[in-house]
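User: I would like to learn how to read the surroundings of a single residue and then place them in the wider fold. Could you take me through one case?

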Amino acid sequence: MKIKNVPKEFTEAKPVMEQLETAGFEAYFVGGSVRDLLLNKAIHDVDIATSAYPEEVKAIFPRTVDVGIEHGTVLVLHEEDQYEITTFRTESTYQDYRRPDEVTFVRSLEEDLKRRDFTINALAMSQDGVIVDLFSGMDDLDRKLIRAVGEASERFNEDALRMMRAVRFASQLGFSIEDETLNAIHLNKALLSKISIERVQIEWIKLLLGHDRKLGLVSFIDTGCYEYCPGFADKKEKLQALCDTSSTPFVDEAQAWALTLCFLEINPNDAKRFLKKWKLSNNLMKRITLILSALNWRQENEWTNEWLFNVGKENASLIEQSMVYFDRPFDVLETEKRYDQLVIKTKQDLAVDGQLLIQATGKSAGPWLGEMLNNLQLKVLDGELSNDQAELLSYAKK
């Protein structure tokens, strides 16, 4: 098969490909970019595989960076663009179930494609648009099927993260996992315990943010992968409840986590302890906890000015839209309108601050100061006081 109209992401890389071929080497576009081209999806980064060894690549191009040269990858800087060029390679055993003990560079494209995870990712394309499909990847694209290259258990023993990648691709692409591949995930699921939680977490969030989230979650649950994720082992029924919610895609990572915790019945006081096991950043954990608290409250109550003030416009909109997952009515536009009508939207908008209160009252700083500022904020938000410095200071003195 030959692609007639090759997208600009590929044509812009043609000069790099041509230089490799002029020097006597093979060069192909490989991996996800070729898959996404055939699926008519947006193309992001393009990866290039070549028969040239790393030192040969560096000799061809004047500007390079050794980003992963021990695994055959050289970053080539071409005009304003940059491309990762990786030598065809085979890999030895994988004692840590993630990284090969030894990488051997080869001149054969077939040998290189044989080591890839799934047939839909083992596609290659020449610079003039000819597709190389050695493992029926295009048939699997047509059938919307995720199938391991070769023996599935071997692929997962090489890199156990591939099991999470399989369920993630199910969610992102809306594909089913082929039976033998699915069975191999079930048989090898315990190997996920060998993988760093940071890598598992990346795949988990990509799964949750996929447009066919339920497809990914069903496979994640049915294969038992959940048993080897922090805090999930005894939560099968609750994960199933998350799986059965509205198919509306999640908006971002914080919402996805907050909703997960909500369905797992993790309360806000325990959220940070739970999320730390997933190695999330402090800022993200703080936002997730705030959204979770508001989600729990909003399910039983209408918005108040105080809650809108505390969560902010972006989060309020996100929380309101999240009511769809609890089969509750919601109105995002009305929520945003109410937020826009708040007299103050941040603590800095209040007409007085701590220093002014100390000067006006003659009192030393202490716990009373924060309490007074919060009290003033609430009264301004509820319309009991206007946001006027003199009026607020007068109230504080009394």
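Analyst: In this predicted model, one can begin with contacts that are not simply due to sequence proximity: leaving aside neighbours within four places in sequence, R116 is in contact with V30, N121, A122, V149, R155 and R162. R116 itself lies in the loop between helix 5 (109-114) and strand 8 (123-125).

User: Is R116 buried or exposed?

Analyst: The reading rests on relative accessible area, where buried means under 20%; R116 has a value of 16% and is therefore buried. Its side chain also makes a polar contact, at 2.9 Å, with the side chain of D112.

User: V30 was among the contacts of R116; what stands opposite V30 in strand 8?

Analyst: Here one reads across the paired strands: strand 1 (residues 27-30) and strand 8 run antiparallel and are joined by 2 bridges, and V30 stands opposite A124. Helix 2 (residues 14-22) packs on the sheet, where it touches strand 1, strand 2 (47-50), strand 4 (73-78), strand 5 (81-87) and strand 8, and its direction makes about 140 degrees with that of strand 1.

User: How should I read the sheet, and which strands stand at its edges?

Analyst: One follows the strand order from side to side, which in this open sheet of 7 strands is 3-4-5-2-1-8-9, with mixed pairing. Strand 3 (64-68) and strand 9 (131-133) stand at the edges because each has a single partner strand, so that one side of each is left without a neighbour in the sheet. From one strand to the next, the twist averages 35 degrees.

Conventions: Residues are numbered from 1 along each chain as its sequence is written. This is a predicted model: local features need pLDDT of at least 70, side-chain atom pairs count only at pLDDT 80 or more; totals for chains, interfaces and linings use all residues. Side-chain values use heavy atoms; hydrogens and water are left out. Helices (H or I, at least four residues) and strands (E, at least two) are DSSP runs, numbered from the N terminus. Buried means under 20% relative accessible area, exposed over 50%, partly exposed in between (1.4 Å probe, protein chains only). A polar contact is a pair of N or O atoms within 3.5 Å; within protein, one must be able to donate a hydrogen and the other to accept it, and residues adjacent in sequence count only if both atoms are side-chain atoms. Contact means heavy atoms within 4.5 Å. Two strands pair if DSSP finds at least two bridges between them. Axes are lines fitted to C-alpha atoms, for helices over the stretch in contact, and angles run from 0 to 180 degrees between N-to-C directions.
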